[in-house]
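These are my notes from looking through one protein chain. I began with the overall layout and then turned to individual residues.

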Amino acid sequence: MTPDMSAGAFLQVFRRFASCRSCPKLMISDNGSNLVAGEACLRKIWNHPKVRTALNQRQCHWKFIPPRAPWHRGFYERMIGMVKRSLWKTLHCHKVDLQELQTVAIEIEARVNNRPLSYVSDDVLQCEPLRPAHLMYGRPLSTLVSLTDEEPEDPPYVRKSDLVQRFKHLSGGNKSVE
């Protein structure tokens, strides 16, 4: 996530991404008719000399798919849909700040990357199913335990009711936590 669509902000986001997940060899951007303004902004960033130099130094290529060619994006459109649905279910119409949005997005990323890719069997002797996290990190990702499963020790300056209310808001659930 970035506060604006400038070339400098993109370079900062790209550096963070490459530091956490390695530098990609290929970045693919959509340029559908509904994303004309976004596409123009991305192309402006892409054509910026500092961005071009940074990508060329890392042998990273940025490719835009042809307009009105949905068959070019089928392999990642499902992933985008999963993330959008998860964001919608978690946040719905609630207003969140940048830090909360980043936290929710990273948690959704972990869950999406933990989904099984291979056949899951009822046989307990079968090996663990292959997950995208195995390919990226060599193991499944583990997330923090939900507040519904444990009683946290709160610092004296934070009321428990505020934390519980915030957790309910971020998790999108109406479950009773107390």
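Entry 1, secondary structure. I looked up the elements of the chain and found seven helices and two strands. The model I consulted is a predicted one. Reading from the N terminus, I wrote down the order of the elements as α-β-α-α-β-α-α-α-α.

Entry 2, the chain as a whole. I noted that the chain has 178 residues, of which 24% are buried. For the exposed surface I recorded about 13200 Å². Carbon and sulfur atoms supply 57% of that surface. I then turned to contacts with a separation of 6 or more, and found that 52% of them join residues 24 or more positions apart.

Entry 3, E100. I located E100 in helix 5, which spans residues 98-113. Is E100 buried or exposed? I found a relative accessibility of 15% for E100. The cut-off for buried is under 20%, so E100 counts as buried. Leaving aside residues up to four places away in sequence, I listed R166 and L170 as the residues that E100 touches.

Entry 4, R111. I found R111 in helix 5 as well. Its relative accessible area is 56%. Exposed requires over 50%, and therefore I entered R111 as exposed. I also looked up the separation of R111 and S86, which are 25 residues apart along the chain. Their C-alpha atoms are separated by 9.6 Å.

Entry 5, the two residues together. Within helix 5 I have thus recorded E100 and R111. I have E100 down as buried, whereas R111 is exposed.

Key:
Residues numbered from 1 in each chain as written. Predicted model: local features only at pLDDT ≥ 70, side-chain atom pairs only at ≥ 80, totals over all residues. Heavy atoms only, no water. Buried < 20%, exposed > 50% of the residue type's maximum accessible area, 1.4 Å probe, protein only. Contact = heavy atoms within 4.5 Å. Areas by Shrake-Rupley, 256 points an atom, 1.4 Å probe, with all protein chains shown as cover.
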